[in-house]
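Got the viewer open? Load the model, switch to cartoon, and we'll walk through it one selection at a time.

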Amino acid sequence: MPVLYSVRQSTIANKEGKKLYHPQVKTTGVVSLDMLAEEVAELSSLSTGDVKNSIDNLVTVMTRHMQSSESVLIDNLGSFYLSMKSVGKGFLTAEEVNANSCRLKVMFRPCTTRNSDRTVATRSLITGATFTRIDSLLPGSGSSGSGSASDGSGGSSSGTETPGGGSDADIE
């Protein structure tokens, strides 16, 4: 199944006064811990309950380490770490900054591998993903809205696109 996305127009104009368009991933559902545990159990010799207990314990231990200012690296998945951001635009003096005036977020950085020429070869979790513009799935839309382009620019009528790249994920 491809990653579904729609196109939205920014509410804020850029320096040239134009409101640009951006892609936005459309989530079609939520996978619960029970569902994940069931699927992992199908792939292993563990029971669904064993897998669920292991995942619950992993979250507890990860939380403990991140709340101790440590990042958590899970091989072949990525690293989780905490980040703080000022509420509002910032402060005029260092003395004004305190924990109550900031927002704490969990950040995720997928694992990468590198080719011999030092270019990024793989980003865990998104490698091989294809995209379909959601309005191209609607009856009578008329436009293909998607394609197969390594830069994600679209344009062909194949119905899916290949993503162009990635960055750190922001988990809130």
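Helices (H or I, at least four residues) and strands (E, at least two) are DSSP runs here, numbered from the N terminus. This is a predicted model, where local features need pLDDT of at least 70, side-chain atom pairs count only at pLDDT 80 or more, and totals for chains, interfaces and linings use all residues. Residues are numbered from 1 along each chain as its sequence is written, and side-chain values use heavy atoms, with hydrogens and water left out.

**Whole chain**

Colour by secondary structure: you should find two helices and nine strands, running β-β-α-α-β-β-β-β-β-β-β along the sequence. Now colour by burial (buried means under 20% relative accessible area, exposed over 50%, partly exposed in between, with a 1.4 Å probe and protein chains only). Buried residues account for 17% of the 172 residues.

**Stop one: the 2-1-8 sheet**

Select residues 3-9, which are strand 1, then add strand 2 (21-25) and strand 8 (131-133). Together they form an open sheet of three strands in the order 2-1-8, with mixed pairing. Strands 2 and 8 stand at the edges with a single partner strand each, so one side of each has no neighbour in the sheet. From one strand to the next, the twist averages 40° (axes are lines fitted to C-alpha atoms, for helices over the stretch in contact, and angles run from 0 to 180 degrees between N-to-C directions).

Which way does each pair run? Two strands pair if DSSP finds at least two bridges between them. Strand 1 and strand 2 are antiparallel, over five bridges; look for Tyr5 and its bridge partner in strand 2, Val25. Strand 1 and strand 8 run parallel, joined by three bridges, and here Leu4 has Thr132 as its bridge partner in strand 8.

**Stop two: Ser6 and Tyr21**

Stay in strand 1 and pick Ser6. Its relative accessibility is 12%, so Ser6 counts as buried. Show what is in contact with Ser6 (heavy atoms within 4.5 Å): leaving aside neighbours within four places in sequence, you get His22, Pro23, Gln24, Lys26 and Ile134.

Next, cross to strand 2 and select Tyr21. Tyr21 is exposed, at 56% relative accessible area. With neighbours within four places in sequence set aside, Tyr21 is in contact with Val7, Arg8 and Gln9. The C-alpha atoms of Tyr21 and Arg8 are 5.5 Å apart, although 13 residues separate the two along the chain. Of the five residues of strand 2, zero are buried, so this strand lies largely in the open.

**Stop three: helix 2**

Select residues 48-66 for helix 2; at 1.5 Å a residue its 19 residues should span 27 Å, and the end C-alpha atoms are indeed 27 Å apart. That expected span is 1.5 Å times one less than the number of residues.

Where do the buried residues of helix 2 sit? Show Val51, Met62 and Met66, the buried residues of the helix. They cover an arc of only 35° around the axis, which puts them on the same side of helix 2; the arc is that of the directions from the helix axis to the C-beta atoms. Their cover includes helix 1 (33-42), strand 3 (72-74), strand 4 (78-86) and strand 5 (102-110).

**Last stop: Ser69**

Move on to Ser69, in the loop between helix 2 and strand 3. Most residues other than glycine have a negative phi. Ser69 has a positive one, near 65°, and is exposed at 72% relative accessible area.
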